[in-house]
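Please open the model in a viewer and keep the selection panel at hand. The stops below are to be taken in order.

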Amino acid sequence: MDRLITLIRQFYKPLLLFNIAFTVIGLVFIVQNGPGVFSNSLLIKVFGYLASALYQFYMSNKSYYYFRNAGYSIRRMYAYTFSIDFALYVALILIYVFLKHEIAYIKG
């Protein structure tokens with residue numbers, strides 16, 4: 001399990017800036033338009049996943065052998081990284097929604 005976590009971290013490192021950028025764009029979209037537009041922000045996030053996958057395919061595809069030799073397919077590595085990133089994205093949205101309602105409740 002330790003090896004998998006290390007491999008995911010190494011695989012995710014080049015994708016991190018893309019995913020952070022599209023996460024911020026999606027969160028700003030939700031803050032401006034409300035949580036009811038979650039499906040639209042989901043499209044922004046999917047576009048970010050496609051852009052980061054294309055970026056890594058064209059810029060870092062020479063390092064794919066490292067993950068294949070470790071016994072993991074590239075599709076599985078993308079699935080791991082994108083599912084972890086999506087879970088964090090949903091958690092950030094839920095934190096925003098709960099804090100928004102709590103702050104409104106405290107203000108009175």
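The tour passes from a pair of helices to a serine and then to the aromatic rings.

**The helix pair.** The model is predicted. Select residues 38-59, which are helix H3, together with residues 74-107, which are helix H5. The two axes come within 12 Å and cross at roughly 150°. Angles over 145 degrees count as roughly antiparallel, and H3 is therefore roughly antiparallel to H5. The crossing of H3 and H5 is right-handed.

**The contact between H3 and H5.** Next, show side chains on both helices. From H3, the contact involves Phe-38, Ser-41, Leu-42, Lys-45, Tyr-49, Ser-52, Ala-53, Gln-56 and Phe-57. From H5, the participants are Tyr-78, Phe-82, Asp-85, Phe-86, Tyr-89, Val-90 and Ile-93. Sorted by class, the contact of H3 with H5 comprises 11 nonpolar, three polar and two charged residues.

**Ser-41.** Centre the view on Ser-41, in helix H3. Is Ser-41 buried or exposed? Ser-41 has a relative accessible area of 0% and is buried. Which residues are in contact with Ser-41, leaving aside its neighbours within four places in sequence? They are Gly-26, Phe-29, Ile-30, Tyr-89 and Ile-93.

**The aromatic pairs.** Now select the aromatic side chains. Across the whole structure, a search finds nine aromatic pairs. One of them joins Phe-11 and Tyr-78 in an edge-to-face arrangement, with 4.9 Å centre to centre and 80° between the planes. Phe-11 belongs to helix H1 (residues 2-12) and Tyr-78 to helix H5, so this pair ties together parts that are 67 residues apart in sequence. Phe-11 and Tyr-78 are both buried.

Move along H5 to Phe-86 and Tyr-89, which form a tilted aromatic pair with 6.4 Å centre to centre and 40° between the planes. These two residues are three residues apart in helix H5, and therefore about one helical turn separates Phe-86 from Tyr-89. A surface representation shows how the partners contrast: Phe-86 is partly exposed, with a relative accessible area of 30%, whereas Tyr-89 is buried at 1% relative accessibility. Tyr-89 is also among the residues in contact with Ser-41.

**The aromatic cluster.** For the last stop, select Phe-11, Tyr-49, Tyr-66, Phe-67, Tyr-78 and Phe-82, which form one aromatic cluster. Cluster members including Tyr-49 of H3 and Tyr-78 and Phe-82 of H5 also take part in the contact between H3 and H5.

How values were computed: Residues are numbered from 1 along each chain as its sequence is written. This is a predicted model: local features need pLDDT of at least 70, side-chain atom pairs count only at pLDDT 80 or more; totals for chains, interfaces and linings use all residues. Side-chain values use heavy atoms; hydrogens and water are left out. Axes are lines fitted to C-alpha atoms, for helices over the stretch in contact, and angles run from 0 to 180 degrees between N-to-C directions. Helices (H or I, at least four residues) and strands (E, at least two) are DSSP runs, numbered from the N terminus. Angles under 35 degrees count as roughly parallel, over 145 as roughly antiparallel, 65 to 115 as roughly perpendicular and the rest as oblique. A crossing is left-handed if the near helix is turned anticlockwise from the far one by less than a right angle, and right-handed if clockwise. Contact means heavy atoms within 4.5 Å. Ala, Val, Leu, Ile, Met, Phe, Trp, Tyr, Cys and Pro count as nonpolar, Asp, Glu, Lys and Arg as charged, and the others, Gly among them, as polar. Rings of Phe, Tyr and Trp (its six-membered ring) pair if their centres lie within 6.5 Å; planes under 30 degrees apart count as stacked, over 60 as edge-to-face and the rest as tilted. Buried means under 20% relative accessible area, exposed over 50%, partly exposed in between (1.4 Å probe, protein chains only).
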